[in-house]
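Thanks, everyone. Let's take a quick tour of a structure that is new to most of you. Please have a look at the screen.

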Amino acid sequence: MKRILKPVTYILAAIYFLVDAVFMAVARPISRWLGRHLEFKRLRAWIRSLPPYPSLALFSVPVIILEPIKPVAAYLAATGQVLSGAVTFIVAELLKLVLVERLFHLTRDKLMRIPAFACVYGKFTEVRAWLQATEAWRTVRALRHAAGDYVARARAKLAGGFSRLVTSRD
């Protein structure tokens with residue numbers, strides 16, 4: 001039984017990391033934008049003033065609050081409300097990742113002082129590096145870049161057509 005479950009566990013873990021990586025590609029720019037544009041100086045100062053273990057507790061709050069929304073999204077999808085389930089899942093996952101990214105950015109040095117956290121983060125980094133070294137990851141990344149280029153060209157073409165429309169009316 002162990003022999004059967006071990007590969008299944010690895011596959012499920014890889015899928016989970018892949019989904020998180022895809023969402024992180026969206027969440028990281030949002031998080032950086034929020035960091036640049038929203039000024040919460042007192043809140044940032046308070047978060048940075050926390051010792052390591054309270055920082056860990058704060059870091060885990062978004063996960064504890066938003067992770068249980070995944071089964072709610074699955075329930076919505078299973079009861080025929082697929083769009084509501086998908087939107088619930090996407091919004092909750094992006095919100096969780098944005099908050100975790102911001103908190104990690106603010107508390108990373110303190111969190112790394114906790115031996116268990118540093119060990120788990122090291123393993124996570126190894127798994128992520130392994131995943132990013134796979135051919136599948138490189139293919140998905142190339143497709144993502146191609147899609148981004150296509151969207152940028154379409155946006156430029158649309159903007160050019162709009163500007164010609166505006167100037168032709170003058």
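Why does R32 count as partly exposed? One thing before I answer: this is a predicted model. Now, R32 has a relative accessibility of 47%. Buried would need under 20%, and exposed would need over 50%. R32 therefore falls in between, as partly exposed.

Where does R32 sit? In helix α1. Look across from there to V98. The two are 66 residues apart in sequence. In space, R32 and V98 are 8.8 Å apart, C-alpha to C-alpha.

Stay with helix α1, which covers residues 2-37. V8 is found there too. V8 has a relative accessible area of 40%, so V8 is partly exposed. V8 also belongs to a nonpolar surface patch. The other members are I4, I11, L12, I15 and V19. Together they make about 530 Å² of patch.

Now to the inside. Which residues make up the largest nonpolar core? There are 9 in all: I47, F59, V100, L103, F104, L106, L111, I114 and F117. Helix α5, residues 82-111, gives the largest share of this core, with 5 residues.

Pick out I114 from that core. Set aside its neighbours within four places in sequence. I114 is then in contact with P52, Y53 and L56.

There is also a second, separate core. That one has 6 residues, among them F23, M24, L94 and V98. So we meet V98 again, the residue 8.8 Å from R32, C-alpha to C-alpha.

That's the tour. Over to you.

Note on methods
Residues numbered from 1 in each chain as written. Predicted model: local features only at pLDDT ≥ 70, side-chain atom pairs only at ≥ 80, totals over all residues. Heavy atoms only, no water. Patch = residues over 30% accessible without salt bridge, like charges linked within 9 Å, V, L, I, M, F, W, Y side chains within 5 Å. Areas by Shrake-Rupley, 256 points an atom, 1.4 Å probe, with all protein chains shown as cover. Salt bridge = Lys/Arg side-chain N within 4 Å of Asp/Glu carboxyl O. Helix = DSSP H or I, 4+ residues; strand = E, 2+ residues; numbered from the N terminus. Buried < 20%, exposed > 50% of the residue type's maximum accessible area, 1.4 Å probe, protein only. Core = buried A, V, L, I, M, F, W, Y, C linked by side-chain atoms within 4.5 Å. Contact = heavy atoms within 4.5 Å.
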